[in-house]
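Work through the exercises below with the sequence and the model in view. Each task is followed by a solution in steps.

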Amino acid sequence: MTKHKDGKPGSLQDKRSSVLPMTTLLVALCGLSFYLGGIYCAEKNKFEVKNVKDIAKAVPSPKESIVAPLQMKFVTFPECSLDYQDYTPCTDPKRWRKYGMHRLTFMERHCPAVFERKECLVPPPEGYKLPIKWPKSRDECWYRNVPYDWINKKKSNQNWLRKQGEKFIFPGGGTMFPKGVSAYVDLMQNLIPGMKDGRVRTAIDTGCGVASWGGDLLDRGILTVSLAPRDNHEAQVQFALERGIPAILGIISTQRLPFPSNSFDMAHCSRCLIPWTEFGGLYLLEINRILRPGGFWVLSGPPVNYQNRWRGWNTTVEEQKSDYDGLQKLLTSMCFKLYNKKDDIAVWQKTSNSSCYNRLAIPDAYPPKCDDSLEPDSAWYTSLRPCVVIPDPKLKKIGLKSVPKWPERLHIAPERMSQIHGGSASAFKHDDNKWKVRAKHYKKVLPALGTDKIRNVMDMNTVYGGFAAALIDDPLWVMNVVSSYGANTLAVVYDRGLIGTYHDWCEAFSTYPRTYDLLHLDGLFTAEGHRCDMKFVLLEMDRILRPNGYVMMRESSYFIDAIATIAKGMRWGCHKEDTEYSVEKEKLLVCQKKLWYPLSKSSR
C-alpha cells in the first residue's frame, strides 16, 4: 500500500496507470520537436538562400554606403577694405612690432590666431588689369597690379625695372649684372658646365630681387625657386609672380626653410646681403642642408673680388679680405670646395665624399655633425641648428652626379621612394601614368589648361608631383605643395626635377594676393577637413587666386556641394564634372574667380 501526498491510501495499480500516460506524452513531445526542428532548419536554409541577394540589394556594402552630402548654409562674404589689397596674413607688416628684431625674426611666419582671421574677400588695387600673358610678362607688367614706386626710384639705376607709362619694364639688370642677366648667366654657365647639359635642374635664389636670374634660367631648362622676405616697399616676390616666375615669401632667420634636405642642385646669392659667416654660420649651414651632394653654391658680390670692388662697398680691403677668408674657412669646414671663380662670381661645390663628413664627428670639431635627434627633412617651424646635416649614407643616388639628367629624371623613380611607406618603383610608375590620364581629362573640362591663360599653377596637396609632370610640356610651372602633416614625399618631387614646399593649409600660404592662375587639389578636404576649417581654406584660395583664375577641385562627393555653396558666396562661378572614370563617390568641381572691383572703402 502507498499513500498519496495528501496522505490518502493508493494502490500500485494507480501508480502504474499514471506513469504510462506520462511516458507516452514524453515520447510524443520528443517526436514533435524533432519534426518541427527539421521543418525549421529546412525553412531557415531556404530563407537564407532565397534572401541573401535581396539583403545585398537592400543593404549596401561599407564601400558603397551612401552618406548624405555635407550641406553648408549660403553666406555672402563682404569685401575687405582697400588697405588689405596686398594682405599676407602670416607675414603682415602691421604685426611686426609684436615680434623680435633679433636676426629679423619679425619677418618670419607669424600667423594670426583663429579669432583674428579675416572673413572677407581681398580686393584688387584700383585700376587692376588682368595680367599680361607669358612670355611677354617676363619683360613687362601693369603698374597698377603692383603699384610700388619705392623700388622703381631706388633700383632704376641698376636696371632692375623702370616705370614706362602704365607698365613696369624689366630690362634684366641687377646689382651684380649691369650688363644684363643673360650675360651674367652666360658667364656662370662657363664656370658650371652642368648648367648646360641638364645636370643642373633645380635652383634656389636667396634674396631674389625681381627674380630676373630665375626668369632667365627658365629658357635654359633650370627651374628656380626665387626667395625673398615680405617687405613694405619692394614686393620682390609679388613682382616675380606677376611676371610668371616661380617665387615664394621666406627668409633665413631662426627657422629652417620649408624644403627637404639634399634637394636643390644649385643655390645662388647675388649681393643678397645675408651675413653668411655670422651666428656660427647658421645661414650657410641651412644652405648646406637643402643642397644635394655635388650641388653648387654661387656667390656674387661682397666679399668676392674684394681686391677690385672694396672701394664701392664702403669698407676697407683688409675687412673684405678677412670676410672672404672667414667664408672660405667656414665652407671648407662644411665639406665644400672652391669649384671655380672669375670676376665677381665664385662657385663652391658640396662634396659627395663621405670621408670629409666622418671628420666632423671628431670631438670639438666646428661646425659639428648633426646628431640623430632631428630629422633632416623636418622643415616646418623647425629651428636652425649650428651643425652640419650629413647626407644619409644609405642613399647612394641622391648626389648630383648620380641623379639622371633632365629631362630623363622626370619619369624615373627616385631612390628616395624607398623611404616612403608603400613607396616603390611600381607605385611611382602607377602614379605617373594615372596623372597622364587625369591631365588629359582635365583639359577637356577646363580648355584653358595648356594655353597662355594659365601660367602660375599650384598643386595644393601633391604626392609625387604627378600632376606637374603630366603638364611639363605646357607653358606653365607648378608649385608642388606637400602637407606638413602628411607623408614626406617632397624630396621625391625635387629628385624628379620639380619644385615645391611644405605647408599646412590650416594657415595662410607664403605668397601675395592674386599670384596664381590655377589652384588644383585632390582630396584635400577629405584628408585635412578634420583639422582645417573649410571656409578659411577656401578664403585663402580666393586670396592667392588671380581674378579670372581657375580652381580644379577633385573631391569626395560628400564635400562637393558644401564647397560649391561657399564658392558662390566668394563670387566664384562653378560647375560640377565627372572624373575620367565617372564614379559617383568622387567628382570634379571647376570654378573661376570673377574680376570685381571694390564697392566701398570701409574697413572690415
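A strand here is a DSSP run of E with at least two residues, and strands are numbered from the N terminus. The model is predicted.

**Exercise 1. The largest cavity**

Task: Find which strand gives the largest share of the lining of the largest cavity, and describe that lining by class.

Solution.
Step 1. Start with the count, which comes to three cavities of 30 Å³ or more.
Step 2. Take the largest cavity, whose volume is about 240 Å³.
Step 3. Its lining has 20 residues, and Arg109, Gly250, Gln255, Arg256 and Pro258 lie nearest the centre.
Step 4. Two elements, strand 8 (247-249) and strand 15 (500-503), give two or more residues to this lining. Strand 15 has the largest share, with three residues.
Step 5. Sorted by class, the lining of the largest cavity holds 11 nonpolar, six polar and three charged residues.

**Exercise 2. The second largest cavity**

Task: List the residues that line the second largest cavity and sort them by class.

Solution.
Step 1. The volume of the second largest cavity is about 70 Å³.
Step 2. Its lining consists of Arg256, Leu282, Leu285, Glu286, Arg289, Cys370, Leu384, Arg385, Cys387 and Val389.
Step 3. The classes are six nonpolar, no polar and four charged.
Step 4. Arg256 is in this list, and Arg256 is also one of the residues nearest the centre of the largest cavity.

**Exercise 3. The largest pocket**

Task: State the volume of the largest pocket and say which elements supply at least two residues of its lining.

Solution.
Step 1. The largest pocket holds about 1100 Å³ of space.
Step 2. It is lined by 46 residues, and Asn262, Ile390, Pro391, Asp392 and Ile398 are the closest to its centre.
Step 3. At least two lining residues come from each of strand 10 (291-300), strand 11 (336-342), strand 12 (345-350), helix 9 (354-359) and helix 12 (490-495).
Step 4. By class, this lining has 18 nonpolar, 13 polar and 15 charged residues.

**Exercise 4. Two residues of strand 17**

Task: Decide whether Arg546 is buried or exposed, do the same for Pro547, and list what each of them touches.

Solution.
Step 1. Arg546 is placed in strand 17, as is Pro547, in the run of residues 545-556.
Step 2. The cut-off for buried is under 20% relative accessible area. Arg546 has 5%, so Arg546 is buried. Pro547 has 7%, so Pro547 is buried too.
Step 3. Beyond four places in sequence, Arg546 touches Tyr128, Pro131, Leu241, Glu242, Asn456, Arg514, Thr515, Tyr516, Asp517 and Lys593. With the side chain of Asp517, the side chain of Arg546 makes a polar contact at 3.0 Å.
Step 4. With the same neighbours left aside, Pro547 is in contact with Tyr128, Leu130, Arg514, Lys593, Lys594 and Leu595.
Step 5. Now compare sequence with space. Arg546 and Pro131 are 415 residues apart in sequence, yet their C-alpha atoms are 8.6 Å apart. For Pro547 and Gln592 the values are 45 residues and 8.2 Å.

**Exercise 5. Helix 5**

Task: Explain why helix 5 counts as largely enclosed by the rest of the structure.

Solution.
Step 1. Helix 5 covers residues 236-243.
Step 2. Its buried residues are Gln236, Val237, Gln238, Phe239, Ala240, Leu241, Glu242 and Arg243.
Step 3. That is eight of eight, so the helix is largely enclosed.
Step 4. Two of these residues, Leu241 and Glu242, are touched by Arg546.
Step 5. Just after helix 5, Gly244 has a positive phi of about 90°.

**Exercise 6. The nonpolar cores**

Task: Name the residues that touch the most other members of the largest nonpolar core.

Solution.
Step 1. This core has 130 residues, and those with the most touching members are Trp276, Trp297, Leu538, Met541, Met553 and Trp572.
Step 2. Helix 14 (residues 534-544) gives the most to the core, seven residues.
Step 3. A second, separate core has 20 residues, including Val185, Ile192, Ile345 and Val347.
Step 4. Returning to Trp572, its contacts beyond four places in sequence include Leu538, Met541 and Met553.

**Exercise 7. Backbone geometry**

Task: Which residues are joined by cis peptide bonds?

Solution.
Step 1. One cis bond joins Trp134 and Pro135, with omega about 10°. Pro135 is in the loop between helix 1 (12-58) and strand 3 (140-142).
Step 2. Another joins Tyr366 and Pro367, with omega about -5°. Pro367 lies in the loop between helix 9 and helix 10 (425-445).

Technical notes. Residues are numbered from 1 along each chain as its sequence is written. This is a predicted model: local features need pLDDT of at least 70, side-chain atom pairs count only at pLDDT 80 or more; totals for chains, interfaces and linings use all residues. Side-chain values use heavy atoms; hydrogens and water are left out. On a 1 Å grid over the protein atoms alone, a cavity is a set of points where a 1.4 Å probe fits but cannot get out, and a pocket is an open set with protein on both sides within 12 Å along at least five of seven lines; lining residues have an atom within 4 Å of a point. Grid points are joined across faces, edges and corners, and a volume is the space filled by probe spheres set on the points. Helices (H or I, at least four residues) and strands (E, at least two) are DSSP runs, numbered from the N terminus. Ala, Val, Leu, Ile, Met, Phe, Trp, Tyr, Cys and Pro count as nonpolar, Asp, Glu, Lys and Arg as charged, and the others, Gly among them, as polar. Buried means under 20% relative accessible area, exposed over 50%, partly exposed in between (1.4 Å probe, protein chains only). Contact means heavy atoms within 4.5 Å. A polar contact is a pair of N or O atoms within 3.5 Å; within protein, one must be able to donate a hydrogen and the other to accept it, and residues adjacent in sequence count only if both atoms are side-chain atoms. A nonpolar core is a set of buried Ala, Val, Leu, Ile, Met, Phe, Trp, Tyr and Cys residues joined through side-chain atoms within 4.5 Å.
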